[in-house]
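Here is a friendly briefing to read alongside the sequence and the 3D view. Keep the viewer open and click through the residues as they come up.

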Amino acid sequence: MDKKERAKEKKEKRRQEISLLRTIPYSDHQRWWSSETIAVVTGANRGIGFEIAHQLASHGVTVVVTSRETAVGEEAVKVFQEGGLNVAFHQLDIVDPVSIQTFCDWIKETYGGLDILINNAGVNFNFGKDNSVEFSEMVIQVNYFGTKNMIKALTPLMRPSPAGSRIVSVTSRLGRLNSKRNGISNVAVREQLENVDSLSEEVIDKTMNTFLEQVKDGTWESGGWPHVFTDYSLSKLAVNAYTRLMARIFEERPEGQKIYVNCYCPGWVKTAMTGWAGHVTIEEAADTAVWLALLPDQFVSGKFFAERREINF
């Protein structure tokens, strides 16, 4: 058996293990949540977000699904409600300040706050071997700045609890800093993003803006950026970095007001975003997000996961 076949066999074995784990119900003493627990899932009208919302609601959490378009969001909620799940909908555009404020006001008025935030909303315009940067500004704005907008807007509404609030962002292995195949080859930039002690929002923003400036002047290909789905990979790399930064900031919060923030890669999933070319099922893709959101003893923060295991940034 060659190396590729062994890796494939190992991956299949892990998929079977997780499939089995999903069938094991949480015991009463593990369930820190109840129907009073509020989870917000962005971009949840279809795909991974829809399935994350479905699994959380199936565990008894009250879920608020959001989408940019009202009609598709309302249709999604009908499906949940017909299945007897406690799911509500509110319109949200994660790059529109007015929409964000309206949503936050509604969450506060309706529920008094939230306990779980799943940052799933995102875009990608490349498929197969494409690597166009035509829509790079939108990709960076939605995937990174939009995710950051939601964390900043909803952090003040996270409700105090002994179990702590949880933030999970859907990212990608394509955004790994030190990937041999798709990392950042510019050593100075990579070192800045690697050092969590000196990492700042300004450093991450500057990295994204430098890339966008290079796209405009046509020099991006020599910038040392990832060469597979460059704009998407960078947007997810930025969210990974921001996750580590926020974990460091949240560390200072007192007991009872803790917020644990992590990110995860769902894999190459059979969804519209991959042109249905993925090999991971939607149920498998949602699993790690739900697992992280509901961890009974949540002392993990600022980490990157895939298939319920920590992986390197």
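D205 counts as buried at 16% relative accessibility, since buried means under 20%. The model is a predicted one, and D205 is a good place to start looking at it. The side chain of D205 meets that of K148 in a salt bridge, 2.9 Å from N to O. From there, the bullets go on to the other charged pairs, the nonpolar cores and a few single residues.

**The buried charged pair and its network**

- K148 counts as buried too, at 6% relative accessibility.
- K148 sits in helix α5 and D205 in helix α7, so the pair links distant parts of the chain, 57 residues apart.
- Which residues are linked with K148 and D205 in a network of salt bridges? They are K152 and E201.
- As general background, side chains of opposite charge can pair when their charged atoms come close.

**Salt bridges that involve helix α1**

- The structure holds ten salt bridges, and two more of them are described here.
- R15 and E284 meet through their side chains in a salt bridge of 3.0 Å, N to O.
- This pair links distant parts of the chain: R15 is in helix α1 and E284 is in helix α9, 269 residues apart.
- R15 is partly exposed, with a relative accessible area of 23%, and E284 counts as partly exposed at 23% relative accessibility.
- E17 and R309 also meet in a salt bridge between their side chains, at 3.9 Å from N to O.
- Here helix α1, which holds E17, is linked to strand β8 (residues 309-311), which holds R309; the two residues are 292 residues apart.
- E17 is partly exposed, with a relative accessible area of 31%, and R309 counts as partly exposed at 43%.

**A nonpolar patch on the surface**

- Together, L20, L21 and I24 make a nonpolar surface patch of about 280 Å².
- L21 belongs to helix α1 (residues 3-22).
- Is L21 buried, partly exposed or exposed? With a relative accessible area of 36%, L21 is partly exposed, because that value falls between the 20% and 50% cut-offs.

**The nonpolar cores**

- In soluble globular proteins, nonpolar side chains tend to be buried together.
- The largest nonpolar core of this model has 52 residues, and L117, L193, I204 and F211 are those with the most contacts inside it.
- At least two residues of this core come from each of β1 (38-41), α4 (97-111), α5 (136-154), α6 (187-194), α7 (201-217), α8 (230-250) and β6 (259-264).
- Helix α8 gives the largest share of this core, with eleven residues.
- Leaving aside neighbours within four places in sequence, F211 is in contact with V133, S136, I140, W220, W225, T230, D231 and L234.
- There is also a second, separate core of 34 residues, including V41, A44, V87 and I116.

**S235, a buried serine in helix α8**

- S235 has its place in helix α8 and is buried, with a relative accessible area of 0%.
- What does the side chain of S235 reach at 2.6 Å? The partner is the backbone oxygen of Y232.
- Not counting residues up to four places away in sequence, S235 touches V139, I140, N143, Y144 and M208.

**A286, a buried alanine in helix α9**

- A286 is found in helix α9 (residues 282-294) and counts as buried at 0% relative accessibility.
- Beyond residues up to four places away in sequence, A286 touches I48, E51, I52, Q55 and Y264.
- A286 and E51 are 235 residues apart along the chain, yet their C-alpha atoms are separated by 6.0 Å.

**K216, an exposed lysine in helix α7**

- K216 is found in helix α7 and counts as exposed, at 66% relative accessibility.
- The exposed label applies because it takes a relative accessible area over 50%.
- K216 and W106 are 110 residues apart in sequence, and 38 Å separates them in space, C-alpha to C-alpha.

Methods. Residues are numbered from 1 along each chain as its sequence is written. This is a predicted model: local features need pLDDT of at least 70, side-chain atom pairs count only at pLDDT 80 or more; totals for chains, interfaces and linings use all residues. Side-chain values use heavy atoms; hydrogens and water are left out. A nonpolar core is a set of buried Ala, Val, Leu, Ile, Met, Phe, Trp, Tyr and Cys residues joined through side-chain atoms within 4.5 Å. Buried means under 20% relative accessible area, exposed over 50%, partly exposed in between (1.4 Å probe, protein chains only). Helices (H or I, at least four residues) and strands (E, at least two) are DSSP runs, numbered from the N terminus. Contact means heavy atoms within 4.5 Å. Patches are made of residues with over 30% relative accessible area and no salt bridge: like charges are joined within 9 Å, nonpolar side chains (Val, Leu, Ile, Met, Phe, Trp, Tyr) within 5 Å. Accessible areas come from the Shrake-Rupley method with a 1.4 Å probe; for residues, only the protein chains shown count as cover. A salt bridge is a side-chain nitrogen of Lys or Arg within 4 Å of a carboxyl oxygen of Asp or Glu. A polar contact is a pair of N or O atoms within 3.5 Å; within protein, one must be able to donate a hydrogen and the other to accept it, and residues adjacent in sequence count only if both atoms are side-chain atoms.
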